[in-house]
Protein chains: 6
Amino acid sequence: MHYLTRRFSFSASHRLHSTAMDSAANTCAYGLCENIHGHNYRLEVTVKGTVDPKTGFFCNVMDLAAIVKRLVADPCEHQYLNDLPMFQGCVTTMENIAGRIWRTIEGELTAKGMTLVEVLVGETDENWVRLRGDE
Amino acid sequence: MHYLTRRFSFSASHRLHSTAMDSAANTCAYGLCENIHGHNYRLEVTVKGTVDPKTGFFCNVMDLAAIVKRLVADPCEHQYLNDLPMFQGCVTTMENIAGRIWRTIEGELTAKGMTLVEVLVGETDENWVRLRGDE
Amino acid sequence: MHYLTRRFSFSASHRLHSTAMDSAANTCAYGLCENIHGHNYRLEVTVKGTVDPKTGFFCNVMDLAAIVKRLVADPCEHQYLNDLPMFQGCVTTMENIAGRIWRTIEGELTAKGMTLVEVLVGETDENWVRLRGDE
Amino acid sequence: MHYLTRRFSFSASHRLHSTAMDSAANTCAYGLCENIHGHNYRLEVTVKGTVDPKTGFFCNVMDLAAIVKRLVADPCEHQYLNDLPMFQGCVTTMENIAGRIWRTIEGELTAKGMTLVEVLVGETDENWVRLRGDE
Amino acid sequence: MHYLTRRFSFSASHRLHSTAMDSAANTCAYGLCENIHGHNYRLEVTVKGTVDPKTGFFCNVMDLAAIVKRLVADPCEHQYLNDLPMFQGCVTTMENIAGRIWRTIEGELTAKGMTLVEVLVGETDENWVRLRGDE
Amino acid sequence: MHYLTRRFSFSASHRLHSTAMDSAANTCAYGLCENIHGHNYRLEVTVKGTVDPKTGFFCNVMDLAAIVKRLVADPCEHQYLNDLPMFQGCVTTMENIAGRIWRTIEGELTAKGMTLVEVLVGETDENWVRLRGDE
């Protein structure tokens, strides 16, 4: 089985704050992350598939790139993530960002014959989250 | 279970062109990739195994390195991949390159007691393919 | 399922030498690695879990970071690994270092509700070992 | 002559907006950068000096690190740069950030016998500014 | 004085062959580099200037980026460099590529008020050439 | 003027200890660095020159690479730097290592027509020293 990964990045701001918790609980859970700060986010999207013997690939990396760029990387570029429609109703942790990105891109990828298997969201070179489906 | 990975790189040229498709279909599928262009290819080979308590490793990373260097990295260095025996009869997509490398190194790795589990081929820091066996 | 990874590094020295083998066998197995040399070690610890809808994460990356820093990264920083209690009774190969780190951190991570799934130890950018549990 | 460089990073948010220009001029000059967005900032501080034959270095890299961390990296970490005292009265471009950091750290570095020669501020891996004194 | 650097990359093929030398001399000078091979080229362009107090920068990084992308990065992307008009009449060494890029972009940069001070061309992470004017 | 840089790395151990200072002064100056620890050292050697119009380069990057590899990178690989002839009579700080490497390679580089302008020695990605001659 082949797995194709495409890497993206976007520079954005966010803050961690949950309306389900009071002020003290927010401070306790998020610390400095309650401040509006920002990152050069790393986004890696992985799809799997079977190679088409005629073309030698199972999906065009350009199709994958265009979909994720249009639906995620461009709308997030130089934005405050907490204000984006894509992330309404959730705290913008890496876990939730990965979940919302998955939901945002899965349909078009499937329509193009790609099976989404992993969305990686990293805030820095030192910490990242991977959301994985069934491989 | 332990997984050992060794990373290699080689600078080579290639073009994507399929003899199974006519000119228009080639252009449609490959775009600019039909031109002879090149990359500093990234190659990561992963094997799995059980640690030998006497030596503390399950295969010598030097054995792994020597095999892949001799069979793949050296023959590909500063070459036009489409002309190499290793890649005859296939379009030199990352998917096919990974498949041919797998086929080229699996025998010697198995003979040395290593089980090949993944071959990663990357054209740039932004896109790569992983070919995986059963983990 | 979400997977959270945190990356650490420490600069340390070590040598590979097994008391279970005679001098010739050590030289044969380890070559130049028998000399006391050193690395900027890369350590990546991955845990898995389910997101708490209230906070938006399943474990605080700060908890993970604090535990691994206190139990591993700080005690190894600028040390000769072969002399550390953590690595007694084993050859300091990447495989064994990963195994001992796993054993060292698993208890506290579990107590904090995190399931350890992978410990990656790398000596250089070109070679690394991943020790994985059942994902 | 020896030059010693120490690299730091901090994750922060900012926006580009000049009170000396009207709304249209701001949009024209800054585009998307007028939005509150963020980066993992790269900061590299370079000092020069002559080696002390007794110690083998001309300034302790730890002194340099401690000064820049206390005066710049820690106060900027997870903050909105436009609100910090350090950046009042200027637009938070890379050029101005570098200038204010220079002004902030030069005194203590000089007092410790180091001559500041360059402050590099980078927003991403693709763009950065270096402010240099007379080398 | 402020120095602004912008980094670009393009994937291209080339070969080293001089019509001013016979076959034996070419082989002696270039070795494997006579083969058509390729790289993910790194290109870093540095300009200097004085900060405009109104905007906080001395040239818009976007202007710099647009000029170099249009004149160099886009025309070189996925091409065989030896065939491009930009590199006619010279061997495509890093030295000559840097020289031709300098000549290609200097006019438009000057017209926009930027003083070009350095063009860096790198074939791999291990070797690169910097062409510098008078700083 | 063209500047050519070649990057090398070697994994080695060292400790900082000066025989010109007593035990307390050593501890005060070097802290944890008095322990035998290690690094994946980064070494970047830069030479300058004028392009030969016939070949298109002013020195063969292969000549530069071969000289530095033979005289420095290979002898340092997997060694305890304090024991090497190259570093006798000095504390193995980055400053001194750079100085001794300069002295070791300058002769052969000059003999090949290259002018050495900078030796960069880095212990980690966060700190490095550059020794520069007159540019």
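**Note on the chain contacts**

1. No salt bridges: the count between chain B and chain A is zero. A salt bridge here is a side-chain nitrogen of Lys or Arg within 4 Å of a carboxyl oxygen of Asp or Glu.

2. Ground rules. This is a predicted model, in which local features need pLDDT of at least 70, side-chain atom pairs count only at pLDDT 80 or more, and totals for chains, interfaces and linings use all residues. Residues are numbered from 1 along each chain as its sequence is written, chains are lettered from A and ligands numbered from 1 in the order in which they are written, and side-chain values use heavy atoms, with hydrogens and water left out.

3. Start with chain A itself. Chain A has three helices and four strands. These are DSSP runs numbered from the N terminus: helices are H or I, at least four residues, and strands are E, at least two. Along the sequence the order is β-α-β-α-α-β-β. The C-alpha trace of chain A spans about 60 × 30 × 25 Å along its principal axes.

4. Now the B–A interface. In contact (heavy atoms within 4.5 Å) are 18 residues of chain B and 19 residues of chain A. Between them the two chains bury about 1,600 Å², with 53% from carbon and sulfur atoms. Buried area means the accessible area (1.4 Å probe) lost by two parts on being put together, summed over both.

5. Polar contacts at B–A. Eight residue pairs are in polar contact between chain B and chain A, both residues at pLDDT 80 or more. Three elements of chain B each supply at least two residues to the side that touches chain A: α1 (23-30), α3 (94-111) and β4 (127-132). β4(B) gives the largest share, six residues. By type, this side of chain B divides into nine nonpolar, four polar and five charged residues. A polar contact is a pair of N or O atoms within 3.5 Å; within protein, one must be able to donate a hydrogen and the other to accept it, and residues adjacent in sequence count only if both atoms are side-chain atoms. As for residue types, Ala, Val, Leu, Ile, Met, Phe, Trp, Tyr, Cys and Pro count as nonpolar, Asp, Glu, Lys and Arg as charged, and the others, Gly among them, as polar.

6. Look at β4(B) again. This strand pairs with β1 (residues 2-14) of chain A in the antiparallel sense, over five bridges. Pairing requires that DSSP finds at least two bridges between the strands. At one bridge, A:His2 is matched with B:Leu131.

7. How are chains A and B related? A turn of 120° and a shift of 0.0 Å along the axis lay chain B on chain A with an RMSD of 0.0 Å. The two copies are therefore related as by a three-fold rotation axis. Superposition is by least squares on the C-alpha atoms of residues with pLDDT of at least 70 in both.

8. Next, D–A. Here 17 residues of chain D are in contact with 17 residues of chain A. The buried area is about 1,300 Å², 52% of it on carbon and sulfur atoms. D:Ile36, D:Asn40 and D:His78 supply 40% of the area that chain D buries against chain A, more than any other three residues.

9. Salt bridges between chain D and chain A number zero. Residue pairs in polar contact number 15, both residues at pLDDT 80 or more. On chain D, β1 (2-14), β2 (37-49) and β3 (115-124) each bring at least two residues to the side that touches chain A. The largest share is that of β2(D), four residues. This side of chain D holds five nonpolar, ten polar and two charged residues.

10. Chain D lies on chain A with an RMSD of 0.0 Å after a turn of 180° and a shift of 0.0 Å along the axis. The pair is thus related as by a two-fold rotation axis. The same surface serves both copies, as 100% of the contact residues of chain D recur in chain A.

11. Finally, chain F. No contact joins chain F to chain A, and their closest C-alpha atoms are 13 Å apart. Chain B has no contact with chain F either; there the closest C-alpha atoms are 14 Å apart.
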